[in-house]
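Me: Please take a close look at one part of this model and work outward from it. Which part of the chain would you start from, and what lies around it?

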Amino acid sequence: MMAIYGPIALVLDVAFFFILAHVIMSWLISFQVLNLQQQFVAQLWYGLNKVLEPIYGPIRRFMPDTRPLDLAPLVAIIVIISLRDYILPGILLG
């Protein structure tokens, strides 16, 4: 079962760091430390949005609308940590 758990844990770790980078980048854009007029910043921002929208979309449909505050990344991080640290080891490593 370790052959299954290893790749799944790796994918969850990568998703966690993508979400973390997206959250930090959104703060930096909000506080005008980063500027979306710069080509590299814009490409990175839109790339992260495209990668993470399939994760955030179902969460946003499920959660109530908290317009100025997006809680989808927080819920996604909680789900990823729960899967990686508690649920998958219990199921696969038994």
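Reply: Gln32 is exposed, because its relative accessible area is 71% (buried is under 20%, exposed over 50% and partly exposed in between, with a 1.4 Å probe and protein chains only). This residue sits in the loop between α1 and α2, where helices (H or I, at least four residues) and strands (E, at least two) are DSSP runs numbered from the N terminus. The backbone of Gln32 also deserves attention, since its phi is near 60 degrees. That is a positive value in a residue other than glycine.

The model is predicted, so local features require pLDDT of at least 70 and side-chain atom pairs pLDDT 80 or more, whereas totals for chains, interfaces and linings use all residues. Numbering starts from 1 along each chain as its sequence is written, and side-chain values rest on heavy atoms, without hydrogens or water.

From the loop, one may follow the chain in both directions. Asn35 can be set against Met1, which belongs to the segment before α1. Between the C-alpha atoms of Met1 and Asn35 there are 46 Å, for a separation of 34 residues along the chain. Met1 is itself exposed, as its relative accessible area of 61% shows.

Within helix α1 lies His22. In contrast to the loop residue Gln32, which is exposed at 71%, His22 has a relative accessible area of 8% and is therefore buried. Its contacts (heavy atoms within 4.5 Å), leaving aside neighbours within four places in sequence, are with Trp45, Leu48, Asn49, Leu52 and Tyr56. The link to Tyr56 includes a polar contact of 3.4 Å between the two side chains; such a contact is a pair of N or O atoms within 3.5 Å, in which, within protein, one atom must be able to donate a hydrogen and the other to accept it, and residues adjacent in sequence count only if both atoms are side-chain atoms.

A residue of α3 offers a second example of a buried side chain with a polar partner. Arg84 is found in helix α3, and a relative accessible area of 18% places Arg84 in the buried class. Its side chain makes a polar contact of 2.8 Å with the side chain of Asp13. Not counting residues up to four places away in sequence, Arg84 touches Tyr5, Leu12, Asp13, Phe16 and Pro89.

Tyr5, one of the residues that Arg84 touches, also gives a useful reference point for Ile91. Ile91 lies in helix α3, and the C-alpha atoms of Ile91 and Tyr5 are separated by 9.6 Å although the residues are 86 apart along the chain. Ile91 counts as exposed, because its relative accessibility is 60%. Helix α2 can be examined through Ile55, which is located there. Ile55 is partly exposed, at 30% relative accessibility. From C-alpha to C-alpha, Ile55 and Ile87 are 19 Å apart in space, with their positions 32 residues apart in sequence.

The helices named so far also share the lining of a pocket. On a 1 Å grid over the protein atoms alone, a cavity is a set of points where a 1.4 Å probe fits but cannot get out, and a pocket is an open set with protein on both sides within 12 Å along at least five of seven lines; lining residues have an atom within 4 Å of a point. The largest pocket is lined by 18 residues. Those nearest its centre are Val23, Ser26, Trp27, Asp70 and Pro73. Two or more lining residues come from each of α1 (2–30), α2 (39–62) and α3 (72–93). Among these elements, α1 gives the most, with 6 residues.

The second largest pocket can be described by its full lining. Arg60, Met63, Pro64, Asp65, Thr66, Arg67, Leu69, Asp70, Leu71 and Ala72 form it. Asp70 thus appears in this lining and is also among the residues nearest the centre of the largest pocket.
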